[in-house]
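Here are my notes for you, set out as numbered points. Please have the model open beside them as you read.

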Amino acid sequence: MTNMYDVIIPAAGMGKRMQADKNKILLQLHSKSILEHTLETFQSDDNCRAIHLAAQKDELEMLKAMSKAYNKIEVVTVGGSERQYSIYNVLKAIQPCDYVFIHDAARPFVTPETLYKLYTKVQQYKSVVAAVKVKDTVKRVIDFQVEETLNREELWQIQTPQAFSYHLLLEAYNKANEDDFLGTDDASLVERLYPVNIVESDYDNIKITTPEDMFFAEAILKKRGI
């Protein structure tokens, strides 16, 4: 089947802000790890052809073993010192495909609706990211002094998944590698070459980063009846 996407899930982070004694994506949420919740979303999406993981070296074999439960897992490779390097390692390891989604392992609540919107729009625009509108007033501050109040109507909080045509994403990563450019997300690499569009997501699509986020995660599962 053509026009399917592969998803890259960087899972090699340390999660120091979680203050846990292991990789945060292995923490349990209702008898499943955070990573398992994330994997199930893509495993069940008919438009997803394959799942590729970047892993810590000492977790490589464990994540490879997960392919028994998630048969879409194809590539598990060692991550780099930065998220960007982990994704680049995977990009260089996978076969060319139509589209690539990149999704944080610690965002287990992305909905099928958001995935479908991204899948539809990436075929049209080549480059789209999930995002939600900023709720709060945002000010630009230097040395604790307010310099400017930004127009909230123009501000979005960027999430994942971020979706790109395979060749555009690879070109952006190759260019970043040549320039020694380290971006804050995948879109920041692509923006140097090509326009990036927004797909509106939802506020449940949180990234679990700190211990407090586990309480929000439990609340989201309860709201969903899980």
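**Notes on the fold**

1. Let me begin with the contact pattern: of the contacts in the chain between residues at least 6 apart in sequence, 71% join residues at least 24 apart. Contact here means heavy atoms within 4.5 Å. Before you go further, please keep in mind that this is a predicted model, where local features need pLDDT of at least 70 and side-chain atom pairs count only at pLDDT 80 or more, while totals for chains, interfaces and linings use all residues. Residues are numbered from 1 along each chain as its sequence is written, and side-chain values use heavy atoms, with hydrogens and water left out.

2. On overall dimensions, the chain has a radius of gyration of 17 Å, which agrees with the value near 17 Å for a compact globule of 226 residues. That radius is taken over C-alpha atoms, and the globule rule is 2.2 Å times the number of residues to the power 0.38. Along the principal axes, the C-alpha atoms fill a box of roughly 55 × 40 × 35 Å.

3. The secondary structure consists of seven helices and 11 strands. These are DSSP runs numbered from the N terminus, with helices being H or I of at least four residues and strands E of at least two.

4. Turning to the surface, about 12,100 Å² of the chain is exposed, and carbon and sulfur atoms supply 49% of it. Such areas come from the Shrake-Rupley method with a 1.4 Å probe; for residues, only the protein chains shown count as cover. Of the 226 residues, 48% count as buried. Buried means under 20% relative accessible area, exposed over 50%, and partly exposed in between (1.4 Å probe, protein chains only).

5. Which residues have the most contacts inside the largest nonpolar core? They are Tyr-5, Leu-39, Phe-42, Ile-51 and Phe-101, in a core of 32 residues. At least two residues of this core come from each of β1 (5–11), α1 (34–43), β4 (48–55), α2 (60–65), β5 (73–78), β6 (99–102), α4 (112–125) and β7 (127–133). Apart from it lies another core, of 22 residues, including Ile-8, Ile-94, Leu-169 and Tyr-173. A nonpolar core is a set of buried Ala, Val, Leu, Ile, Met, Phe, Trp, Tyr and Cys residues joined through side-chain atoms within 4.5 Å.

6. Phe-42 deserves a look. Not counting residues up to four places away in sequence, Phe-42 touches Tyr-5, Val-7, Ile-9, Cys-48, Ile-51, Lys-72, Phe-101, His-103, Leu-115 and Pro-161. Cys-48, one of these partners, lies in strand β4 and counts as buried because its relative accessibility is 1%. With the same sequence neighbours left out, Cys-48 touches Met-4, Tyr-5, Val-7, Phe-42 and Lys-72.

7. Leu-35 and Met-66 make a pair to inspect together. Leu-35 is found in helix α1 and is buried at 0% relative accessibility. Leaving aside neighbours within four places in sequence, Leu-35 is in contact with Ile-25, Leu-63, Met-66 and Ala-105. Met-66 lies in the loop between α2 and β5, and it is buried at 13% relative accessibility. Beyond its neighbours within four places, Met-66 is in contact with Leu-35, Glu-36, Leu-39 and Ile-73. The C-alpha atoms of Met-66 and Glu-36 are separated by 9.0 Å, with the two positions 30 residues apart along the chain.

8. Within helix α3 (residues 83–93), Gln-84, Ser-86, Ile-87, Tyr-88, Val-90 and Leu-91 are buried. Their cover includes β1, β4, β5, β6, α5 (166–179) and α6 (186–190).

9. Some backbone geometry to check next. Most residues other than glycine have a negative phi, and most peptide bonds are trans. The bond from Thr-160 to Pro-161 is cis, with omega near 10°, and Pro-161 has its place in strand β10 (residues 156–165). His-30, in the loop between β2 (28–29) and β3 (32–33), has a positive phi near 55° and is partly exposed, with a relative accessible area of 36%. Lys-126, in the loop between α4 and β7, has a positive phi near 75° and is also partly exposed, at 41%.
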